[in-house]
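Please look over the sequence and the model shown here before reading the report. It is written for a reader who wishes to follow each statement back to the residues concerned.

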Amino acid sequence: MKLKTILVAGAALAATATVAHADTLADVKARGELNCIVTTGLVGFAYTDENGQWRGFDADFCRATAAAIFGDGSKVKFVPTTGKTRFTALNAGEGDILYRNTTETMSRDVDLKLSFLGINYYDGQGFMVKKDLGVTSAKELNGASVCIQTGTTTELNLADYFRANDMSYEPVPIETNDEARANYLSGRCDVYTTDASGLAATRASLDDPKNHIVLPEIISKEPLGPAVRQGDEAWGDLTRWVLRAVIAAEEYGVTQENVAELSAGPTGKPDVDRLLGTEGNFGEMIGLGNDWAANAIKAVGNYGEIFDRNIGPNTELGIERGLNAQWYDGGLMYAAPIR
């Protein structure tokens, strides 16, 4: 009995040591690329173009992270997952970071052992219907069939909303956005519900987007952002500050076009100089060169450039900045200082 106790205790200590000494950055460098978990396909956020190349808002944040590490934003392997498989894939080590329109919640943070790094998109759940359904409000959806992705917060929000409004619905479970689109267009479900950004992406991909409307109700808060596994604080710090650097770059006026010039020497603007590595040793603090943030911005631009290029008002999605504007422009985007 004593021997068994000693063996069990030793195994527990060994497991603890493995977690405590996790070194994701070393693994990524040895592999030569970042494994980045994304959705199976969502126009504007993460999808493959006609050449099979991954594009989109979340895909660009994957590239920013790779560029900070390698100085090359192309050193990314994209790992597509569904709502049900994304967390398993991350915790199993199939990806180094999750950039997949994922809502931060208490249970995911605490129970699933994830570390969320910040918010790169403030969202909320909405509803899309065909115009000829004759519905103008979500409160008119009593008895409707609703396409809903399994393994998501939208599943729980939907149940709460209908119960609170004394309505019933028929759930039509789906796993991917493509599956939801097919079921919705075929009439298998009357309504598609997901984050408003996802509805905008789906609507933009339809042949006749004007015949589909997103209802005015937003029924939840969905703070979307990247996550990593718990147990490697150094990796969490690195990836968190890449996100913050890209957000800060917009505030400081650092763009993909001017970052090389501004990085050539001190600008006399302390915030910019610390961001771009011409003052201080902030890259060293996270195990990278002092040009880490400059490399990320060179690869994909600042937060505003990423937003406008992929999902902004002049794209098919036509999403306004809204809550995702900088703090000084009426939004919630706010980066902690590098100092």
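The report below takes up the domains, the nonpolar cores, the largest pocket and some single residues in turn.

## Domains

The structure is a predicted model, and the protein in it is divided into domain 1, which covers residues 24-120 together with 225-324, and domain 2, which covers residues 124-222. Taken over C-alpha atoms, the centres of domain 1 and domain 2 are separated by 29 Å. Where the two parts meet, 17 residues of domain 1 are in contact with 17 residues of domain 2.

## Nonpolar cores

The largest nonpolar core is made up of 60 residues, and F57, L275 and W292 are those with the most contacts inside it. Helix α9, which spans residues 233-252, gives the largest share of this core, namely 9 residues. Because domain 1 and domain 2 both give residues to this core, it lies between them.

Apart from this core lies another one of 14 residues, with V146, F162, M167 and V191 among them.

For F57, when residues up to four places away in sequence are left uncounted, the residues touched are G44, F45, N120, Y121, Y303, I306, F307, N310 and I311.

## The largest pocket

The largest pocket holds about 260 Å³ of space. Its lining consists of 16 residues, and of these Y121, Y122, D123, I319 and E320 lie nearest the centre of the pocket. Y121 thus belongs to this lining and is also one of the residues that F57 touches.

By kind of residue, the lining of the largest pocket divides into 8 nonpolar, 5 polar and 3 charged residues. At least two residues of the lining are supplied by each of β7 (121-123) and α8 (196-204). In terms of domains, the lining draws at least three residues from domain 1 and at least three from domain 2.

## T40 and D237

T40 is placed in the loop between β1 (34-39) and β2 (47-48). With a relative accessible area of 34%, T40 is partly exposed, since that category takes in values between the 20% under which a residue is buried and the 50% over which a residue is exposed. Leaving out residues up to four places away in sequence, T40 touches W54, P80, T81, T82 and T176. T40 and E257 stand 217 residues apart in sequence, and their C-alpha atoms are 31 Å apart in space.

D237 is found in helix α9, the helix that gives the largest share of the largest nonpolar core. D237 itself is partly exposed, its relative accessible area being 32%. Between the C-alpha atoms of D237 and P266, which are 29 residues apart along the chain, the separation is 25 Å.

## Residues with positive phi

Two residues may be checked here for their backbone angles. N101, found in the loop between β5 (97-98) and α5 (106-110), has a phi near 20°, which is a positive value in a residue other than glycine. K113 is placed in the loop between α5 and β6 (114-116), and the phi of K113, near 60°, is likewise a positive value in a residue other than glycine.

Conventions
Residues numbered from 1 in each chain as written. Predicted model: local features only at pLDDT ≥ 70, side-chain atom pairs only at ≥ 80, totals over all residues. Heavy atoms only, no water. 1 Å grid on protein atoms, 1.4 Å probe; cavity = no way out; pocket = protein on both sides within 12 Å on 5 of 7 lines; lining within 4 Å. Points joined across faces, edges and corners; volume = space filled by probe spheres on them. Helix = DSSP H or I, 4+ residues; strand = E, 2+ residues; numbered from the N terminus. Nonpolar A, V, L, I, M, F, W, Y, C, P; charged D, E, K, R; others polar. Domains from an automatic or database assignment. Core = buried A, V, L, I, M, F, W, Y, C linked by side-chain atoms within 4.5 Å. Buried < 20%, exposed > 50% of the residue type's maximum accessible area, 1.4 Å probe, protein only. Contact = heavy atoms within 4.5 Å.
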